[in-house]
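Good morning, everyone, and thank you for making the time. Please have a look at the sequence and the model before I begin.

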Amino acid sequence: MFELKVLRRYEVSTKLKLTVYTLSFVVGLSAFTLLEVSYGADLYEVISKLLIKPLTSYSDFQVTIRYAIPIGIMSLGLILPYRSGIYSIGAEGQMAVGVIFAAWTAYSLIDLESPYSIVVALLAGTFGGLLWGLIPGLLKGLLNVNEVLITLMLNFTAYSLTDYLIYGPWRSPKAYGFPLTEPIPKSFMMPSYDGIHLTNLIIFVLLTVVMNTVIKKTVLGYQIRAYGLNPTAAYSAGISFLKVALLCLAISGALAGLAGSLQLIAVHGRLGPKSWSVTEGLGYTAIVSAWLARLEPWAVLPSALLLGALVNGGLTIKAVLGQPEGIVSIMNGIILLSIISAEFFINYRLVIKVGR
Amino acid sequence: MEVNQTYFSLNTTNSNHDYVLSVRGVSKFFGSITALKEVDLDVRKKEIHVLLGENGAGKTTLVNILYGIYRPDSGVINVFGKDVRIGSPRDAISYGIVLVQQHPMLIDKMTVAENLSISFRKLGYFKSPKIIKELIREYSSRYGISVDVDALVSNLSFSEKQEVELIRALLLDVKLLILDEPTTMLTSYERRKLFSVLRGLIDEGRSVLLITHKVVEALEISDWITVLRRGEVVASRPKNAYSVDELVKLVVGESIRAEPIVSEDFSPGNSVRRPEVLSVKDLTVVNDAGGIAVRGVSLDINSGEVVGIAGVSGNGQKELSEALAGLRKVKGGKILICGLDVTNRGPGDRVRAGFAYIPEERLRYGVIGEMNVAENFMLKNHKSFSKYGLILEKDVVESVEEGIKAFNIVTRGPSEKVKALSGGNIQKLIVARELRSNPKVILAHNPTLGLDLKSAVLVRELLIKARSNGSGILLISEDLDEVLTLSDRVVVMYRGSIVYETSRTTASRDVLERAMLGLVNV
Amino acid sequence: MIDTFLVGNFIFLTLKNAVPLVLASVGEVIAERSGIINLGVEGSMVVGALVGVAVTLMSGNYLLGFAVGGLAGLLLASIHGFITVVFGANQIVSGIAVTMTGLGLTALLGRGYVGRSLYGLRPSPLYPYDVGVPDYLKPLLAALVRHDIIVYLSIIIPLLATWLLFKTKYGNSVRACGESPSVAESLGINVILIRFSAVLLGGFLAGLGGAYLSLGIVGTWVENITAGIGWIAVGLVAFSMWMPVRVLMASYIMAALISMSYILQGKVGVSSYFLAMIPYIGTIMILTIVNVERFKLKLGAPTALGRPYIREERLG
């Protein structure tokens, strides 16, 4: 005879939260490692390639940062809707549209000199993401349409739009038959310093500070949190849901568009399909990063870095072991599952009584 | 001390086999709060045992333990001479214990038969619940209860729902029926009917444990009374061994007298015509199940006036208050606040027009439990605490600390999470927030439901104070006494309509109660 | 003169394309009726699709592949069930995570099956003939009768689900959990068991739908074969107001849109990439239309949908 009691914790210490979170992350990562090992990989190799090298070897670290920046910027954006109880999974599509807008600017304003060219491309990309975010924002705010499905459908639509461009009007005749676009003009490319895009990094860090202030110190942040924690009370207190939904989804779309255009003008320089694409599924990884940060803007800095490393490591494993794209997706899924399960162990205590 | 003697003498009479239920030394803690401390309780066969105590005395906690919703931190529960572990309502039911909770535990969107089929254990999972209808009919005729098996639960009145729960208990062959505050929302006629059904159950050899905070009721129905105060049993004796005064003292302790308040500045029937602050014209509202819940209600509330809406719960009060607060769409009619048409506009416009809302479901509509006291305090007017979109924390904290003092809110400070506060303090916080901006209209729905006496008294005082400051108050309450003590005018709501209206001076309790049952010609 | 061949082809495709939608949507209706939103449908489908192909190739029996595909979908849904029902975790995030896992897993494990031919192993029409009608009507008749057994079964499934949900004690219990888990618990229901079983049942049906997608429609395993069908199926649940029978109608509307995007290829002067958007934009529009009449939506939606239930010990 044993009895299992579920007890709510009344005081939750930061130490406990941190411990449970770290543990759950480790559990998730171990599950993934186990999967890889059972699939024939060497345990040591997996751990080294997945986590150690991307964070310790300088050349790998450059790539890690390259992934961490867009993941982080998009996570910062996603935190707004998540905090207000709106579950957008549209960062991927918003990023893709941002890329299209930025590339279109570059192709049509070839003669523009830098640095104006870069600013214009970034603004255009941000605007594109914002537009793509406004659609679910309006539908959610006005009619309370299911935002999960709308944003996802818009991701698929954005993919189709990209496909249309790279297989159609933008396809480069010089790409040996590959569905790639022309490289964007040199004047639109962001300079890098020793392989690290310092400007991008600075933008990311600045945005972290800004979003942290928005969430914690501003009226908007307060209204967002109110909706997330008790929508009925927030509504009956007279806070406008349309305003909250619209702003949350528009800002998160804008940041995804910004991340996309930064990725285009700093890293890729052209559009392509699947593994050559600018988005690379990072919009989905950003969801994991946002939850790993427990929806705390400042915590996006470490969580984006960690996920940047994991994406980088996952892709290395993929290349070395000849595995398909899906590898990053599994990793994302398993880690996300373990993080949200952690919430239970933070809020509740299990007591097992043996005997009577 | 006399109290302690009773307590010990009970301890010595152990393991009597006439006991249906015997509880020994049960304690329960919630974090640092002690809800129950070493509670003993014995219920005998064929007995109506009343558990008497104030709100917050621990009655509901004890009941929840007996029904397997909570588990005790220590102590033994013995049912029919056997020590048992009640881990879930299913366990409780298998020992013959059935609980009828204060709010009907039925699924609104399902029919009576469907509801009852769920808890009927003898029915296989993939069997049709049809068979159950016969049984229901049989029981209803045997106990003089009339229930339409195919009716949607949302269309039933409160007392009908209670009857469905009684039938459920009978279907489960209840040995010990526990009723938690069953009469709060019943009229005296319905209460008498319930008591006669309970007597019938006793005659068949079943037992009843009835939980109440009303001393008079305890004396009316019980065979034995156990008094609970602040989580401890302070007396347990046969009914005849108590005097009324003594019983009252045992329930409330020495601290305050149970006495409804009427402040001195309460002067009903002010003849001066004051401006209208809330005007409701021919309002029609639909409930969640699509039926009409409020039909053609018209009301005018003047500044400095309290209008009380009396009525049995479930006659459209919930829908009316939600429609007035802008939380529910209006099907027909108009709502004007200080002459401004706010029909089918959101709560934001109402708040700006000077509307304050003290909701019935305070945890759902009134506060954000996961936010702290300060953040909840500024919920309605956070913009006045901000500059350039930034929140001025210092201003907030100052203002909150003032409010905490002025309204006597017991909290560890502005940064304590609201979910950690007691019901009474949460309500004081809501009232403090809503009254802060000197509202033109206040809608208060069951403002003292579930509060301890002290808080209830304070909340009522605050409402009267707001009235003398010129607010017009619409009080919707299921507690007729509350309506009668606070209102200048009383209207009665029955099946969504206003069926009776009177001023406070001419109000008669008897006529009002009849009106609440629809027994009135308007 | 109507081009009966074209119309016949359109009807034929619509009936076929509706099968995965019907199965997955009915499954989601059952899960949501118990109060659990399962956004892992896409994941369960894609897993079912791969396992369906794998088992059919191994056993040579597509019915077995179909059934095991369903079980695979159930297995994946059990992760979601455990995390949301037992741990009370965020249902939306959990569903997304489950779908990510499912998509990734199948990409990894399915590589050996990409493009493998199922020649002779795919579901075959029950009645392959169309005698006795004039030639120009043959395509129309064929569109209705030349289907495999699963197409016809999929029409019965919503009826069965209606019976289960509204005419049995199990169904009443499921709906009770979806309306108010705390009331259900005090009525003596094991909420965790009922909700978990409903999620599993939903996952099973989604797995079946996925298996039909690979076995019956595409005819082979392709990475990411579902391409959003699972998500669309979730969208149809609200459109059907949580009524299994209405799912049938909703699925045919959606399947018609999907079939249209095939049929129109090469026939109109629009790029196929834009035609591919039709189902996605169609879903957005359907969801929007449903929400314009939000009041009706509120009538159908389970009250406690998405709300976790943990039998915790708390302050009264």
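I will go through chain C, then chain A, and then a few single residues.

This is a predicted model, in which local features need pLDDT of at least 70 and side-chain atom pairs count only at pLDDT 80 or more, while totals for chains, interfaces and linings use all residues. Residues are numbered from 1 along each chain as its sequence is written, chains are lettered from A and ligands numbered from 1 in the order in which they are written, and side-chain values use heavy atoms, with hydrogens and water left out.

Let me start with chain C, whose secondary structure comes to 14 helices and zero strands; here helices (H or I, at least four residues) and strands (E, at least two) are DSSP runs, numbered from the N terminus. The radius of gyration of chain C is 20 Å, close to the 20 Å from the globule rule for 316 residues, so chain C is as compact as a globular protein of that length. That radius is taken over C-alpha atoms, and the globule rule is 2.2 Å times the number of residues to the power 0.38. Along the principal axes, the C-alpha atoms of chain C fill a box of roughly 75 × 45 × 40 Å.

How much of chain C is buried? Buried residues make up 60% of its 316 residues, where buried means under 20% relative accessible area, exposed means over 50%, and partly exposed lies in between (1.4 Å probe, protein chains only). As for the surface, chain C exposes about 11,600 Å², and carbon and sulfur atoms supply 71% of that area; accessible areas come from the Shrake-Rupley method with a 1.4 Å probe, and for residues only the protein chains shown count as cover. Of the contacts in chain C with a separation of 6 or more, 79% are accounted for by residues 24 or more positions apart, a contact being heavy atoms within 4.5 Å.

Within chain C, I would like to dwell on helix H1, residues 4-33, whose 30 residues should span 44 Å at 1.5 Å a residue, and whose end C-alpha atoms are 41 Å apart, which agrees. The expected span is 1.5 Å times one less than the number of residues in the helix. H1(C) bends by about 30 degrees at Val19(C), with a proline, Pro20(C), following within four residues; the bend is the angle between axes fitted to the seven residues ending at a position and the seven starting there. At the N-terminal end, Asp3(C) acts as a cap, with a side-chain oxygen 3.1 Å from the backbone nitrogen of Phe5(C). After the helix comes Gly35(C), with a positive phi near 100 degrees.

H1(C) is mostly covered, since 22 of its 30 residues are buried. One residue in this helix is Ala31(C), which is buried at a relative accessible area of 1%. Not counting residues up to four places away in sequence, Ala31(C) touches Ile36(C), Ala198(C) and Val199(C). The C-alpha atoms of Ala31(C) and Leu201(C) are separated by 7.5 Å, although these positions lie 170 residues apart along the chain.

Turning to chain A, we find 13 helices and two strands, and a radius of gyration of 21 Å, which agrees with the value near 21 Å for a compact globule of 356 residues. Buried residues make up 57% of those 356 residues, and the accessible surface comes to about 13,900 Å², with 69% belonging to carbon and sulfur atoms. Helix H4 of chain A, residues 91-108, reaches 25 Å from its first C-alpha to its last, close to the expected 26 Å. Because 14 of the 18 residues of H4(A) are buried, this helix is largely enclosed by the rest of the structure.

Also in chain A, Arg294(A) sits in the loop between helix H11 (282-292) and helix H12 (300-321), and has a positive phi of about 55 degrees although it is not a glycine.

In chain B, Cys338(B) likewise has a positive phi, near 50 degrees, in a residue other than glycine, and is partly exposed at 35% relative accessible area. Finally, is Ser471(B) buried or exposed? Ser471(B) is buried, at 2%, and a polar atom of its side chain lies 2.8 Å from the backbone oxygen of Pro439(B).

How values were computed: Polar contact = N/O pair within 3.5 Å; in protein donor to acceptor, adjacent residues only side chain to side chain.
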